[in-house]
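Me: Please take a close look at one part of this chain, the place where two neighbouring helices pack together. Explain it step by step for someone in a first year of study.

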Amino acid sequence: MKNFLVLICLLVLSTTALAQTRSRTTTRRGTASSKTPKTTAAPATAINKTEGATKIANQIKNLTTFLYLLGGVAKNLEAMDAAAKSGQASPTTERNKATLKASFEDFRVGLDQLEIYFRSTPELQPYYTKLAGSAAGAADAEAQAAAGHFDQAGRKLLGVVSRLTDVLVAMQ
């Protein structure tokens with residue numbers, strides 16, 4: 001039961017993170033374009049750079065929280081799998097794994113959207129080269145999770161967090 005609650009929290013966290021990113025993007029674009037004339041390039045560049053850095057920071061926060069929780073969940077799933085091999089199968093184990101796999105997919109989708117945003121925003125294109133590959137790292141993590149290798153999947157996401165952090169440093 002405890003494992004199930006943790007997995008639900010993970011799913012909600014990753015889904016909420018994706019929804020928050022979309023909401024903030026829409027809101028900020030609307031206010032930035034309505035208040036800032038198109039003739040002033042420097043303020044628009046600063047706004048886009050700040051918005052891009054905020055999106056990266058949100059991804060880092062969500063990924064690190066997820067990774068913190070993943071450690072315990074992965075160990076519990078391993079214990080459940082071991083119990084299942086000895087004949088004590090739990091009906092919730094497969095549901096928990098599916099929930100966890102969906103969380104990995106949500107992160108990959110969010111990072112795909114982040115890369116697209118950076119690639120399509122002229123002021124952020126110089127940083128795109130450092131960001132490129134984040135979604136591929138998340139896709140690798142998703143594949144590891146799909147194979148049931150949650151520890152390796154978490155390690156792949158740590159690499160993604162490192163890449164995102166490097167982008168933030170470059171944006172200073």
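**The pairing of α5 and α6**

Reply: Helices α5 and α6 are roughly antiparallel to each other. The reasoning is short: the axes of α5 (residues 134-146) and α6 (residues 150-170) cross at roughly 170°, and an angle over 145 degrees counts as roughly antiparallel. The two axes come within 7 Å. The model is a predicted one.

Some background on the chain helps here. The chain has six helices and zero strands, so its elements, read from the N terminus, run α-α-α-α-α-α. Of its 172 residues, 37% count as buried. Among contacts between residues at least 6 apart in sequence, 76% join residues at least 24 apart.

Now the contact itself. On the α5 side, the residues that take part are S134, G137, A138, D140, A141, Q144 and A145. On the α6 side, they are F150, Q152, A153, K156, L157, V160, R163 and L164. By class, this contact of α5 with α6 has eight nonpolar, four polar and three charged residues.

Two residues of α5 can be taken in turn. S134 lies in helix α5 and counts as buried, because its relative accessibility is 0%. A polar atom of the S134 side chain lies 2.8 Å from the backbone oxygen of L131. Leaving out residues up to four places away in sequence, S134 touches L111, E115, V160, R163 and L164. Of these, V160, R163 and L164 are listed on the α6 side of the helix contact.

A138 is also found in helix α5. With a relative accessible area of 0%, A138 is buried. Beyond its neighbours within four places in sequence, A138 is in contact with F107, R108, L111, L157 and V160. L157 and V160 belong to the α6 side of the pairing. From A138 to L158 the C-alpha distance is 9.6 Å, with their positions 20 residues apart in sequence.

On the α6 side, F150 is a useful residue to follow. Not counting residues up to four places away in sequence, F150 touches L70, A74, L77, K97, L100, K101, F104 and A145. A145 is one of the α5 residues in the helix contact.

F150 also leads to the largest nonpolar core, which has 33 residues. I56, L100, F104, F118, F150, L157 and L164 touch the most other members of this core. The elements that give two or more residues to the core are α2 (41-85), α3 (91-120), α4 (125-131), α5 and α6. The largest share, 10 residues, comes from α2. As a general point, nonpolar side chains in soluble globular proteins tend to be buried together.

Further along α6 is L168. At 25% relative accessibility, L168 counts as partly exposed. Leaving aside neighbours within four places in sequence, L168 is in contact with A53, I56, A57 and I60. The C-alpha atoms of L168 and L131 are 9.5 Å apart, although the two residues are 37 residues apart in sequence.

To sum up, α5 and α6 run roughly antiparallel, their contact has eight nonpolar residues, and both helices give two or more residues to the largest nonpolar core.

Key: Residues numbered from 1 in each chain as written. Predicted model: local features only at pLDDT ≥ 70, side-chain atom pairs only at ≥ 80, totals over all residues. Heavy atoms only, no water. Axes fitted to C-alpha atoms, helices over the stretch in contact; angles between N-to-C directions. Helix = DSSP H or I, 4+ residues; strand = E, 2+ residues; numbered from the N terminus. Parallel < 35°, antiparallel > 145°, perpendicular 65-115°, else oblique. Contact = heavy atoms within 4.5 Å. Nonpolar A, V, L, I, M, F, W, Y, C, P; charged D, E, K, R; others polar. Core = buried A, V, L, I, M, F, W, Y, C linked by side-chain atoms within 4.5 Å. Buried < 20%, exposed > 50% of the residue type's maximum accessible area, 1.4 Å probe, protein only. Polar contact = N/O pair within 3.5 Å; in protein donor to acceptor, adjacent residues only side chain to side chain.
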